[in-house]
Protein chains: 2
Amino acid sequence: MNTKQVKAYGTEAAENALEQMNIKRREATPSDVEIDILYCGVCHSDLHFARNDWGFSVYPVVPGHEIVGKVARVGEGVSKFKPGDIVAVGCLVDSCRTCDNCKKDLEQYCGEWVGTYGGHDKHLDLPTFGGYSETITVDQDFVLTVPDNLDLAGVAPVLCAGITTWSPLRHWNVDPDSKVAVVGLGGLGHMAIKLAHALGAETTLFSRSPNKIDDAKKLGADAVIISTDEAQMEAAQNKFDLIIDTVPYEHDLNPYISTLNTDGTLVLVGYLGPLDPIVHSVPMIMGRRSVAGSLIGGIAETQELLDFCGKHNITSDIEVIDIQYINEAYERMLKSDVHYRFVIDMRSLKG
Amino acid sequence: MNTKQVKAYGTEAAENALEQMNIKRREATPSDVEIDILYCGVCHSDLHFARNDWGFSVYPVVPGHEIVGKVARVGEGVSKFKPGDIVAVGCLVDSCRTCDNCKKDLEQYCGEWVGTYGGHDKHLDLPTFGGYSETITVDQDFVLTVPDNLDLAGVAPVLCAGITTWSPLRHWNVDPDSKVAVVGLGGLGHMAIKLAHALGAETTLFSRSPNKIDDAKKLGADAVIISTDEAQMEAAQNKFDLIIDTVPYEHDLNPYISTLNTDGTLVLVGYLGPLDPIVHSVPMIMGRRSVAGSLIGGIAETQELLDFCGKHNITSDIEVIDIQYINEAYERMLKSDVHYRFVIDMRSLKG
């Protein structure tokens, strides 16, 4: 296996800041696409994984799974891409391809899927390294096509924040007859509002803060419910078909559950932390309500989303940063001080 | 409104035993059916309501919502039934008939449904009184037809224990390709096994007790998993499409959730008591798994179930008792000492 050395930003230990390092990338196998990375979004998971918050990080860690780049080279068996194509890579770079989930285009639920970082690169017998780097080499079946009308920096968060909210919108059949609510207005929440609105649904944001009302409406929300206002919550009982809960820490689900209509579902897409939600059973039974989880999306569904974004001219609202700013960006992300996603201009790594 | 006095068994207060009393029944309005009650099943809810365990009982309480009887008289506008017909009444005797849920034959989720007992009889401005009585008068739209091949005492529990498990089996599209598990082998659980098996599903019982294996298999279970056996639980990971959890007290749902396949659902149908389940979010997210609730069933769906039971010759496994035994039966029910449902022979009330 031929390899080359490329520059990246990563960490050798949970307690360290991210810093520049060199990593090995494989050269293209017959089915591989070598990509020069242009932009990489900054996801909350990047921070959790760099700091081993979940306890299963393998070092060195090079985060980044919201990748947009340009094809540099392709393996001899690659038919889907050619040098110069603008492409994207999300959270997955491989899966078993034979299980029931893979056969149903649900690679994200395959027991053997390979994460874009922190997975195992079977070719190199190394951890996979993410998009905070100059290049990445990915099997063509896990590379996506980017519509040519979109701002490329703004596309990057579509690969995780976008698909994480798109997949439940599609799975639970959201359409113009649907009433959708979103809990939390961060990276995921702002994409959920844009996408639900673009699907024609009546779209509502639940927020604790009246400061969010103007922003939410600009993003496409028809209404904002202040979740600390009992009268507003009471008025929303039995209303929603689908609630996408993006809040990434422990919180009480029950006030939201009772705003679900009969057969409504609250979908958890944010990581809730070490403490898990207590769910009251009676309101679930009395309205055949559900609480569910949903994880990113499959490759075909991610391409569907990119095509939808191209058609509706949807990208993420972002703040573009240089890679050298990443540790400060993490601290700001922890304080929710970003509207709504940091995206790294990877040219800054070459400088 | 003409009324008549009939004998019943009920209680004037939470702390009292049930005893014989007289209650008022209305004579048939033009749309009513007057029914001489033959059998009435004994549901756990009867006991909870008689003892005000849920805090909203209105006295006097006459329990009973698993009613089989013979039509005595019909109002002049009744077209669906005639004297002599064998009929049934379940948990509902009225609803608003105009809301979205009623229009979709989901009367059980109507905000104004009238319970067979403990509801409000708008004709008499009295609480509704249940089936522990000689007769009941019910609007024809809430009266069901009993197939003529079935044992009538064994039919009674179909009206609550049966429909409570049938409705989720149907809503979540159980068919011969499905893998269904049932948690708990009581009144609801034994019906869930019979019905899932009759629908052709591969049917498994989760039980803490190896003593249940033989019984479960006689009822139609293909397998029994001892839930305290870690190796058996480990072997069942990612297996089931639907789990019907009938256990009527607080318990840990998480070991069952991880036995759901991708897109699987665990449905709560038992009352879980004042403490509510803690649900771990990560396994739900990692497999798009759901936890849901489900409440009895609508009138059309209950008729569908009765017809299905007729076709497949399914009734409940019961112990027939006289009404005078009801207080002892309640004590035995609290100890799960019944296989699997008490049914009162209401002739005992005339004696």
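**Exercise 1. Find how β17(A) is joined to strand β17 of chain B, and give the direction of the pair.**

Solution. Work on the predicted model.
- Take residues 290–293 of chain B, which form strand β17 there.
- Count the bridges to β17(A): there are three.
- Read the direction: the two strands run antiparallel.
- Check one partner. Ser290(A) is bridged to Ala292(B).

**Exercise 2. Describe the interface of chain A and chain B by contacts, buried area and polar pairs.**

Solution.
- Start with contacts: 32 residues of chain A meet 32 residues of chain B.
- Next, area. The two chains bury about 2,700 Å² between them. Carbon and sulfur atoms carry 60% of it.
- Now search for salt bridges across the interface; the rule finds zero.
- Then search for polar contacts. Eight residue pairs qualify, with both residues at pLDDT 80 or more.
- Assign the chain A side to elements. α4 (161–171), β16 (260–268), α9 (281–287) and β17 (290–293) each supply at least two residues.
- Pick the top contributor: α9(A) gives the most, with six residues.
- Sort the chain A side by class. It holds 17 nonpolar, 11 polar and four charged residues.

**Exercise 3. Which axis relates chain A to chain B?**

Solution.
- Superpose chain A on chain B. The RMSD is 0.0 Å.
- Read the operation: a turn of 180° and a shift of 0.0 Å along the axis.
- Therefore the relation is that of a two-fold axis.
- Locate the axis in chain A. The nearest C-alpha belongs to Ile278(A), 2.2 Å away.
- Compare the contact sets. The same surface serves both copies, as 100% of the contact residues of chain A recur in chain B.

Technical notes: Residues are numbered from 1 along each chain as its sequence is written. Chains are lettered from A and ligands numbered from 1 in the order in which they are written. This is a predicted model: local features need pLDDT of at least 70, side-chain atom pairs count only at pLDDT 80 or more; totals for chains, interfaces and linings use all residues. Side-chain values use heavy atoms; hydrogens and water are left out. Contact means heavy atoms within 4.5 Å. Buried area is the accessible area (1.4 Å probe) that two parts lose on being put together, summed over both. A salt bridge is a side-chain nitrogen of Lys or Arg within 4 Å of a carboxyl oxygen of Asp or Glu. A polar contact is a pair of N or O atoms within 3.5 Å; within protein, one must be able to donate a hydrogen and the other to accept it, and residues adjacent in sequence count only if both atoms are side-chain atoms. Helices (H or I, at least four residues) and strands (E, at least two) are DSSP runs, numbered from the N terminus. Ala, Val, Leu, Ile, Met, Phe, Trp, Tyr, Cys and Pro count as nonpolar, Asp, Glu, Lys and Arg as charged, and the others, Gly among them, as polar. Two strands pair if DSSP finds at least two bridges between them. Copies are superposed by least squares on the C-alpha atoms of residues with pLDDT of at least 70 in both.
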